[in-house]
Amino acid sequence: QGIKHVDHFGFICRESAEPGLGQYICYVFQCASESLVDEVMLTLRQAFSTAAALQSAKTQIKLCEACPMHSLHKLCERIEGLYPPRAKLVIQRHLSSLTDNEQADIFERVQKMKPVSDQEENELVILHLRQLCEAKQKTHIHIGEGPSTISNSTIPENA
């Protein structure tokens with residue numbers, strides 16, 4: 001709403017004639033009275049709030065439990081604050097879920113760096129585990145995003 005001219009209001013929006021090409025346009029309107037502008041502004045605010053709420057509900061982050069990086073994050077949460085020898089056991093338990101080649105690769109890389117303590121070894125293992133998880137994440141297909149296969153378990157009950 002205008003400050004000097006209270007019978008005016010405007011808004012800026014992004015319009016795109018072509019996908020990926022957006023431009024901002026400012027629309028300014030003059031109404032018959034200040035009270036009409038107040039009513040229009042209230043309606044615009046409500047519409048914007050409703051649209052934003054619906055959009056955020058629609059785009060809520062869906063956490064994929066099978067993501068390699070999510071698995072690493074959960075491991076880091078489990079070892080946070082643990083005494084280094086105890087953390088080492090938790091990390092080793094996690095490493096046992098990897099393939100033999102992945103385990104051997106991480107072990108060799110860590111040993112080449114000659115860690116002098118459990119804490120340093122834990123940090124190196126996590127470093128190499130992160131690199132492995134980042135590589136796996138690039139080719140990971142999230143749960144529900146794979147090629148669609150129709151089975152009784154994938155059809156929603158309310159379909």
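# A walk through five helices and two strands

The protein has five helices and two strands. What you are looking at is a predicted model, so please read every value below as computed from that prediction. Starting at the N terminus, the order of the elements is β-β-α-α-α-α-α. In other words, the two strands come before the five helices along the chain.

Let us begin with the protein as a whole. Of its 159 residues, 19% count as buried. The surface it exposes amounts to about 12500 Å², and 56% of that is supplied by carbon and sulfur atoms. Contacts can also be sorted by how far apart the partners sit in the sequence. Among contacts with a separation of 6 or more, 46% involve residues 24 or more positions apart.

Now turn to a pair of helices that pack together. Helix H2 covers residues 68-79 and helix H5 covers residues 118-139. Their axes lie 8 Å apart and form an angle of about 155°. Angles over 145 degrees count as roughly antiparallel, and H2 and H5 are therefore roughly antiparallel to each other. If you want to find the contact in the model, look on the H2 side for Pro68, Met69, Leu72, Leu75, Cys76 and Ile79. Their counterparts in H5 are Ile126, Leu129, Arg130, Cys133, Glu134, Lys136 and Gln137. Sorted by class, the residues of this contact are nine nonpolar, one polar and three charged.

Pro68 deserves a closer look. This proline belongs to helix H2 and is buried, with a relative accessible area of 11%. Leaving aside residues up to four places away in sequence, Pro68 touches Cys133, Lys136, Gln137 and His140. Another way to see how the chain comes back on itself here is to compare Pro68 with Ala135: the two are 67 residues apart in sequence, yet their C-alpha atoms are 9.0 Å apart in space.

From packing we can move on to charge. Side chains of opposite charge can pair when their charged atoms come close. A search of the whole structure finds five salt bridges, and three of these pairs make good stops on our tour.

The first stop is Lys88 with Asp118, whose side chains meet in a salt bridge at 3.4 Å, N to O. Lys88 sits in helix H3 (residues 84-95) and Asp118 in helix H5, so this pair ties together parts that are 30 residues apart in sequence. Asp118 is partly exposed, its relative accessible area being 26%. The pair also has company, for Lys88, Asp118 and Glu121 are linked in a network of salt bridges.

The next stop is Lys136 with Glu102, where the side chains meet in a salt bridge at 3.3 Å, N to O. This pair, too, links distant parts of the chain: Lys136 is in helix H5 and Glu102 in helix H4 (residues 100-112), 34 residues apart. How do the two partners sit with respect to the surface, buried or partly exposed? Lys136 counts as partly exposed at 32% relative accessibility, whereas Glu102 is buried, with a relative accessible area of 18%. Not counting residues up to four places away in sequence, Glu102 touches Leu132 as well as Lys136. Lys136 may sound familiar, since it is also one of the H5 residues that meet H2 and one of the residues that Pro68 touches.

The last of these stops stays within a single helix. In helix H4, the side chains of Asp105 and Arg109 meet in a salt bridge at 3.4 Å, N to O. Because Asp105 and Arg109 are four residues apart in H4, about one helical turn separates them. Both partners count as partly exposed, Asp105 at 35% relative accessibility and Arg109 at 34%.

Our tour ends in the loop between H4 and H5, where you will find Lys114. What is the phi of Lys114? It is positive, about 45°, although Lys114 is not a glycine. For comparison, most residues other than glycine have a negative phi. Lys114 is also exposed, with a relative accessible area of 63%, in contrast to Glu102 in helix H4, which is buried at 18%.

Technical notes
Residues numbered from 1 in each chain as written. Predicted model: local features only at pLDDT ≥ 70, side-chain atom pairs only at ≥ 80, totals over all residues. Heavy atoms only, no water. Buried < 20%, exposed > 50% of the residue type's maximum accessible area, 1.4 Å probe, protein only. Contact = heavy atoms within 4.5 Å. Areas by Shrake-Rupley, 256 points an atom, 1.4 Å probe, with all protein chains shown as cover. Axes fitted to C-alpha atoms, helices over the stretch in contact; angles between N-to-C directions. Parallel < 35°, antiparallel > 145°, perpendicular 65-115°, else oblique. Nonpolar A, V, L, I, M, F, W, Y, C, P; charged D, E, K, R; others polar. Salt bridge = Lys/Arg side-chain N within 4 Å of Asp/Glu carboxyl O.
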